[in-house]
Amino acid sequence: MIEEAPLLRAQNVTRLYGGRVGCRDISFSLWPGEVLGVVGESGSGKTTLLRSLAGFEPPDEGAIHFRHGTEEHDIYALDEASRRAMMRTEWGMVHQNPRDGLRLDVSAGGNIGESLMARGDRHYGKMRARITDWLQRVEIDSSRIDDSPQSFSGGMQQRLQIARVLVAEPRLVFMDEPTGGLDVSVQARLLDLLRVLVRDLHLAAIIVTHDLAVARLLTDRLIVMKDGHIIEEGLTDQILDDPHHAYTQLLTSAVLSA
């Protein structure tokens, strides 16, 4: 059930790089438990928007509000320490390249354990049990708990990154092309896993992807971006089955003809 108050609100978010527009005048709300997809071709501004939403790049204009308890906070009005603490506990980021989201010099179990310690866990036995449970959830054999992520395949590294993010029980997860760069068979397995975890944990999520099949499988609502602007938005099935904007029609027709 969708709650009345949004979890995240973007208001006229604009990010510029000199004379180039990263994104401009982006406004939307995200509710608890809702999965929002942001789609568009390379250079459309979707990753720029995601990085601003996730606390990595402050917008040049506009504001991003996150609801903590009964209060909304402009995340860039917070001091650096408070924003970093919120980024560690309230939301998480799944990077396209799992090496950007993992500590490669720390064991698989240590990667997950760091997220638990960031939220205050200290009991070794309980942490070890929780780490083992999460390795199993993401389909990694628990016997590999002490192995280095460098010994894992790309698909296993991505699943480990997902466990590292979700073990902290965030209310919101940002995902940047979570299946990009993986073989088709590995993509399918990972998508099935993500779909189950997002629904079972009642997560809110924002997923950036150029793959409309990923958007259809995982998202409730879509934003279509072109040249840094939102050109169409609505329920995922409505957008993909009956696109109104010519650009969205072009995107969906390219998938059908592929």
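**Exercise 1.** In this predicted model, find which residues Val138 touches, not counting residues up to four places away in sequence.

*Solution.* Start at Val138. Look for heavy atoms within 4.5 Å. Skip residues up to four places away in sequence. The partners that remain are Arg159, Ile162, Ala163, Leu193 and Leu197.

**Exercise 2.** Place Val138 in its nonpolar core, and name the elements that supply the core.

*Solution.* Val138 is among the residues with the most contacts inside the largest nonpolar core. Leu160, Ile162 and Leu166 share that role. This core has 36 residues. Next, trace the elements that each supply at least two of its residues. The helices are helix 3 (108-118), helix 4 (124-137), helix 5 (154-166), helix 6 (184-200) and helix 7 (212-218). The strands are strand 7 (172-176) and strand 8 (204-209). Then look for a second, separate core: it has 29 residues, including Leu53, Tyr76, Met93 and Met225.

**Exercise 3.** Decide how compact the chain is for its length.

*Solution.* First, list the elements: nine helices and ten strands. Next, take the radius of gyration, 18 Å. The globule rule gives 18 Å for 258 residues, so the chain is as compact as a globular protein of that length. The C-alpha trace spans about 55 × 45 × 40 Å along its principal axes.

**Exercise 4.** Describe burial, surface and charge for the chain.

*Solution.* Begin with burial: 51% of the 258 residues count as buried. Turn to the surface. The chain exposes about 12000 Å², and carbon and sulfur atoms supply 50% of that area. Finish with charge. There are 28 positive and 37 negative side chains. The centres of the two sets lie 5 Å apart.

Methods: Residues numbered from 1 in each chain as written. Predicted model: local features only at pLDDT ≥ 70, side-chain atom pairs only at ≥ 80, totals over all residues. Heavy atoms only, no water. Helix = DSSP H or I, 4+ residues; strand = E, 2+ residues; numbered from the N terminus. Rg over C-alpha atoms; globule rule 2.2 N^0.38 Å. Buried < 20%, exposed > 50% of the residue type's maximum accessible area, 1.4 Å probe, protein only. Areas by Shrake-Rupley, 256 points an atom, 1.4 Å probe, with all protein chains shown as cover. Lys, Arg positive; Asp, Glu negative; His and termini not counted. Charge placed at Lys NZ, Arg CZ, Asp CG, Glu CD. Core = buried A, V, L, I, M, F, W, Y, C linked by side-chain atoms within 4.5 Å.
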